[in-house]
Amino acid sequence: MSKNQDEKELLNPETEPETEETDPVQEDEAAETPKQEEKPRKDKKSDKEKDSDKEKDKEKNKEKEKKKSKRTPQEEADRALNKVKRRKKLKYGTLSIVITVIFVAIVVTVNVICNVLDKRYNWNIDLTSSGLYEMDPQTIEYLNKLNSDVNITVLANESYFLENSTLKVVGETLNRFRTESNGHISVEYVDTTKNPEAVTKYTENYSGQLAQGDVVVSSGDLVRVLSLSGDLIKSDRSQYDYSYTYTFIGEQSLLSAIAGVTDLNPVTVAVIDKVNGDMLFHINDLYNWAGLLDLLEKNNYTVEHVDIATDELPADQYDYVILMAPYSDLTEAQIQKLTDFLNHDGKYGKNLIYFASHYQRNTPNLDEFLEIWGIETERSVMVESNANTAQLIPLVMDESSVYPATGVPLVTAQEHELNENFSGKLPVAAPLCLPIRTLFEANAGRTTEVLLKTADTCLTAPLTEDGEANETPASYPAAVLATTSFTEGSETYSSQVIVFGSAFFLNVQITGNSNTYGNADYFVTMLNSLTGKENTMTIAEKNLNPTMITITEKQQKRLRNVTVFAFPLTVAIIGILVYLRRKNK
């Protein structure tokens, strides 16, 4: 190379190739920060990828445009319509799913809430025509005011009652008692085979035998046991076709049991029903005596059975004595027991209730005793002459016979303090009733007052062949109160005798049908007023037998046409209309 050329190259460094030599300082910096030089390379690579994606998109769009240009207008329209349908289907499909989920959630929530509230408040609706699962308003009022804790233990599984159509009313009634008591009543179901200890804890205060299905009502040390058959459900066998009629009496029995274990001062009544170990009354009065005992026990009276020949009547032990229709006359010694009891060593304050019967023999001693109190029963039977008010009542005489008593008169409660609490909603009947005569209104410190009286359309039929019939319509007393009293200072002391003209006044056929006649209600109300006991309740029994629905042949044809033709045709037409409507959308 010449000298001139070397000078030109030195003077023009731009023409020289990129310097191969690098600054050692820059090399060191590059070595120290290698990541900073890699970043821009990655960004450049990302940009290239983006550009590549754009090119691909353009190519795809060109292909779509080519395909689109090949489609006919009809194909384009169909394609657009299908696209709209898909969007609409997706939209409404999603909406329906959301609505379904929300609806199911609401139903589940409401169901859970209702179940919880139902267990606490027993929200049930009784759809039975007879109101089988409804409770009497008196019962609800009593339970709402209950202020003592009561435990009800059922010796059976809960399913034993709820899964049986006949026994279901027992379980439902127990639940209502629990909910209406404001927490004072607890109900527990116990399987005695798995938990025998549940039975043994009651043996200290209950001497009887406990059986499957029994209901134990307890409060503190007081215990009452109700049997499933007899106390809760009563069965009666027909003498004609030998079929059974089942009646629910559990509401009344449960009320009585609860009152029995919460009443710390029960009233004791002595029932004179034996003489020298034998039955005091005629066999045909047996079911009148049974009706009396049933009412006393159901209304929380403690009953003591007394033999008038062998037992005493201590006035300090009994305040009330009931003499049930003696078939034969009492002896003078036995009459003296009644007199001493009522006198109570001059203190008085005692009461005797006497039921007469048309089956009785002549009873001169007993008649003389009643005459002293100003009362006389005639040896005849009252018959109602008014066909519009005369009653026909089938009276139970024994297990196999029912006597249809005709011409039974109705009686009216007279104005008296013992009758003040009687509602009088149902009529009171006096079957086979002896007319009662009052011998005086007041005499030697004794007074007589009529409690029940017939209408002035009654006749009398004699019980003996030599008796005389009274064919002139008149009104007769059916129940009379006699009182003897004396006053000492500001206090008045008195003893009372109440006479009913017929023991059939409390026949089980009448007291058992407390929704037909008010005999049971009247007797219990009067007795409560007499004893000063808080008025208890008489709850109507409920028939458990299913009611059969009978239809005529014409109704049968109509029902068949509706179910076989009308319903299916209506469903088919609705289905076709829905299908056509959806198809045209």
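A helix axis here is a line fitted to C-alpha atoms over the stretch in contact, and the angle between two axes is taken between their N-to-C directions. Keep that in mind for the helix pair further down. One more thing before you start clicking: this is a predicted model.

**Stop 1: the whole chain**

Colour by secondary structure and you'll have 15 helices and 25 strands on screen. The chain runs to 585 residues, and 35% of them are buried. If you like contact maps, here's a figure to go with the view: of the contacts with a separation of 6 or more, 72% are between residues 24 or more positions apart.

**Stop 2: helix 7 against helix 9**

Select residues 168–180 for helix 7 and residues 250–262 for helix 9. Their axes come within 11 Å and cross at roughly 40 degrees. Angles from 35 to 65 degrees fall in the oblique class, so helix 7 and helix 9 are oblique to each other. As for handedness, the crossing of helix 7 with helix 9 is right-handed.

Now show side chains. Which residues of helix 7 meet helix 9? Pick Thr173, Leu174 and Phe177; across from them, in helix 9, are Glu251, Leu254, Leu255 and Ile258. Sorted by class, this helix 7 to helix 9 contact has five nonpolar residues, one polar and one charged.

**Stop 3: the end of helix 7**

Stay on helix 7 and select Glu180, which belongs to that helix. Is Glu180 buried or exposed? Its relative accessible area is 18%, and the cut-off for buried is under 20%, so Glu180 counts as buried. Leaving out residues up to four places away in sequence, Glu180 touches Met135, Ile140, Leu143 and Asn144.

Next, add Arg176. Its side chain meets that of Glu180 in a salt bridge, 3.3 Å from N to O. Why are Arg176 and Glu180 about one helical turn apart? Because they sit four residues apart in helix 7. Arg176 is also buried, at 15% relative accessibility.

**Stop 4: a salt bridge in helix 5**

Jump to helix 5, residues 137–145, and select Glu141 and Lys145. These two form a salt bridge, with 3.1 Å between the closest N and O atoms. The spacing will look familiar: Glu141 and Lys145 are four residues apart in helix 5, so about one helical turn separates them. Switch on a surface and check both ends. Glu141 is partly exposed, with a relative accessible area of 46%, while Lys145 is exposed at 60%.

**Stop 5: a salt bridge across the sequence**

How many salt bridges does the structure hold? Five. For another of them, select Arg437 and Glu378, whose side chains meet with 3.6 Å from N to O. This pair links distant parts of the chain, 59 residues apart. Arg437 sits in strand 18 (residues 436–438), and Glu378 lies in the loop between strand 12 (375–377) and strand 13 (380–384).

Both partners are partly exposed: Arg437 has 41% relative accessibility, and Glu378 has 24%. Before you move on, add Glu376 to the selection. Glu376, Glu378 and Arg437 are linked in a network of salt bridges. As a reminder of the chemistry, side chains of opposite charge can pair when their charged atoms come close.

**Stop 6: Leu222 and Thr262**

Go to strand 4, residues 222–226, and pick Leu222. It is partly exposed, with a relative accessible area of 34%. Now draw a distance from its C-alpha to that of Thr262: you should read 7.9 Å, although the two are 40 residues apart along the chain. Thr262 takes you back to a range you have already selected, as helix 9 covers residues 250–262.

**Stop 7: Val450 in strand 20**

Last stop: strand 20, residues 446–454, where you'll find Val450. At 24% relative accessibility, Val450 is partly exposed. Which residues is Val450 in contact with, leaving aside neighbours within four places in sequence? Select Gln414, Thr438, Pro477, Ala479 and Val480. Zoom in on Pro477 in that set: 27 residues from Val450 along the chain, it has its C-alpha 6.3 Å from that of Val450. Thr438 may ring a bell too, since strand 18, the strand of Arg437, covers residues 436–438.

Technical notes:
Residues are numbered from 1 along each chain as its sequence is written. This is a predicted model: local features need pLDDT of at least 70, side-chain atom pairs count only at pLDDT 80 or more; totals for chains, interfaces and linings use all residues. Side-chain values use heavy atoms; hydrogens and water are left out. Axes are lines fitted to C-alpha atoms, for helices over the stretch in contact, and angles run from 0 to 180 degrees between N-to-C directions. Helices (H or I, at least four residues) and strands (E, at least two) are DSSP runs, numbered from the N terminus. Angles under 35 degrees count as roughly parallel, over 145 as roughly antiparallel, 65 to 115 as roughly perpendicular and the rest as oblique. A crossing is left-handed if the near helix is turned anticlockwise from the far one by less than a right angle, and right-handed if clockwise. Contact means heavy atoms within 4.5 Å. Ala, Val, Leu, Ile, Met, Phe, Trp, Tyr, Cys and Pro count as nonpolar, Asp, Glu, Lys and Arg as charged, and the others, Gly among them, as polar. A salt bridge is a side-chain nitrogen of Lys or Arg within 4 Å of a carboxyl oxygen of Asp or Glu. Buried means under 20% relative accessible area, exposed over 50%, partly exposed in between (1.4 Å probe, protein chains only).
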